[in-house]
Amino acid sequence: MEQIATNMSFGGEHRRFRHQSKVLGCDMEFAVYLPPQALGTQPRQVPVLYWLSGLTCTDQNFMQKAGAHRRAAELGMAIVCPDTSPRGLNLPGEHDSYELGSGAGFYLNATRAPWADHYRMYDYVVEELPALVESALPVSPVRSVSGHSMGGHGALVCALKNPGRYKSVSAFAPIANPSDCPWGEKAFSAYLGEDKEEWAEWDATMLVPGAPERLQLLIDQGTADEFLDEQLNPDALVEACEQVHHPIRLRMRRGYDHSYFFIASFIDEHLEHHALAMGLQA
C-alpha cells in the first residue's frame, strides 16, 4: 500500500494510494479522506463511508467534485473511494466502449472469459479493500455505502447481499434495474453470459424480495436526468420494495440532471443520513 499523494482539506487529509490487488490481479489506486478526528497527536478510529462511482470515473471524481470533505470533517467520517474497474490489463474489447470494460466494472464478479479472472469488483469493494484500509489506517469497521449511477447500483447490491455489514445505504441516480436497461444488458451479457437468473444476483430490484435485512434505501434522482427513462428506472425498484414492505425513500429532485452538480447539491444530506446510522452526531 503505497501512498502516492496527499492534500490537506478542511483540517483532514485526502490521500491517494496504490496497491497490488490479489482479487483483481493488477495494481489499483484508491482515495481516502481522513477527517481531523483521525489525525493529530490523539487520533481515533472513525467510521467509513464507501463511495462507489459511476461509468468512466476513477477514484478522483467524487473527491474533487462532490464537495463532501467539509461535512465529513465536521461529522468525523472517513470516505473511501475505489476505482470503478481493474486497470492496465488490456483485455480484448476492454477499451472499445465506455459502458463495458475499463471504467465499467459494474461492481459484480464476472464469470465469463476474458473478464472472469480480473473483473471481480464486488469482492474487491466488499472484502479486499475494506480489510486493507481497516488494517492500515485509523478507521473502524463501522461502514456505510453509497454511490452514483453504476456506483449507486453497486451500493444497493452490496448492502442487499450483505446483511449486517453496512449501517446504511444510499444512492444518487442508481441503475436500479440493470437487467432491463441497455447499459446493464450489455455489461451483464459480457460479464455473466445470457442466463438471466445469474443476472438477478446483481440487480437490486430483483434482490429486494429475498433480502435478509430490511435496511432503508435512500435514493435521490433528478427529474432532468437524461438517463432516467431509458437506463435508471427507479420506479421498478420502488415497486419491488412496496411488494415486500422494504423501506425505501425516493426523492425526485426537480430540474437536476445526472452530473456532479446534482451530487454536490445533496451530498451533505446523504452524509448526515449515514452519520445518524453510524452513531455520529449529525
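# A walk through the fold, starting at Asn 162

Setting aside residues up to four places away in sequence, Asn 162 touches Tyr 122, Val 126 and Glu 213. One of these neighbours does more than touch: the side chains of Asn 162 and Tyr 122 make a polar contact at 2.8 Å. You'll find Asn 162 in the loop between helix 4 and strand 7 (169–172). Despite sitting in a loop, Asn 162 counts as buried, because its relative accessible area is 14%, under the 20% cut-off. Keep in mind as you look around that this is a predicted model.

Let's zoom out for a moment. The protein has 10 helices and nine strands, and its C-alpha trace spans about 55 × 40 × 35 Å along the principal axes. For 282 residues, a compact globule would have a radius of gyration near 19 Å, and the 18 Å found here agrees with that. Of those 282 residues, 60% count as buried. If you take the contacts with a separation of 6 or more, 72% of them come from residues 24 or more positions apart. As for the outside, the accessible surface comes to about 11100 Å², with 47% of it belonging to carbon and sulfur atoms.

Now go to the start of the chain. Strand 1 (residues 2–9) and strand 2 (residues 12–21) run antiparallel and are joined by seven bridges. Together they form a hairpin with two residues between the strands. At the turn end, Ser 9 has Gly 12 in strand 2 as its bridge partner. Look at Phe 10 while you're there: this turn residue has a positive phi of about 50°.

On to the charged pairs. Side chains of opposite charge can pair when their charged atoms come close. Here a search of the whole structure turns up 19 salt bridges. A good one to pick out is Arg 70 with Asp 268, whose side chains meet at 2.6 Å, N to O. This pair links distant parts of the chain, with Arg 70 in helix 2 (residues 69–75), Asp 268 in helix 10 (residues 260–278), and their positions 198 residues apart. How accessible are the two partners? Arg 70 counts as partly exposed at 34% relative accessibility, and Asp 268 also counts as partly exposed, at 21%.

Stay in helix 2 for a local pair. Glu 74 and Arg 71 meet in a salt bridge at 2.8 Å, N to O. What separates them along the helix? About one helical turn, because the two are three residues apart in helix 2. Glu 74 is partly exposed, with a relative accessible area of 45%, whereas Arg 71 counts as buried at 10%.

Another salt bridge brings together the side chains of Lys 186 and Glu 99, at 3.5 Å, N to O. This is again a link between distant parts of the chain: Lys 186 belongs to helix 5 (residues 182–192), while Glu 99 lies 87 residues away in the loop between strand 5 (78–82) and helix 3 (121–136). Lys 186 counts as partly exposed at 33% relative accessibility, but Glu 99 is buried at 16%. Elsewhere, salt bridges that share partners tie Glu 2, Arg 16, Arg 18, Glu 29 and Asp 59 into one network.

Next, come back to helix 4 (residues 150–161), where Val 157 sits. Is Val 157 buried or exposed? At 0% relative accessibility, Val 157 counts as buried. Its contacts beyond four places in sequence are Glu 201, Trp 202, Asp 203, Ala 204 and Leu 207. For a sense of scale, the C-alpha atoms of Val 157 and Thr 41 are separated by 38 Å, with their positions 116 residues apart along the chain.

Helix 4 turns up once more when you look at helix 9 (residues 234–244). Which residues of helix 9 are buried? They are Pro 234, Ala 236, Leu 237, Val 238, Ala 240 and Cys 241. These buried residues pack against helix 4, helix 7 (204–207), strand 8 (217–222), helix 8 (228–232) and strand 9 (248–253). Just after helix 9, have a look at His 245, which takes a positive phi of about 60°.

Key: Residues numbered from 1 in each chain as written. Predicted model: local features only at pLDDT ≥ 70, side-chain atom pairs only at ≥ 80, totals over all residues. Heavy atoms only, no water. Pairing = 2+ DSSP bridges. Helix = DSSP H or I, 4+ residues; strand = E, 2+ residues; numbered from the N terminus. Salt bridge = Lys/Arg side-chain N within 4 Å of Asp/Glu carboxyl O. Buried < 20%, exposed > 50% of the residue type's maximum accessible area, 1.4 Å probe, protein only. Contact = heavy atoms within 4.5 Å. Rg over C-alpha atoms; globule rule 2.2 N^0.38 Å. Areas by Shrake-Rupley, 256 points an atom, 1.4 Å probe, with all protein chains shown as cover. Polar contact = N/O pair within 3.5 Å; in protein donor to acceptor, adjacent residues only side chain to side chain.
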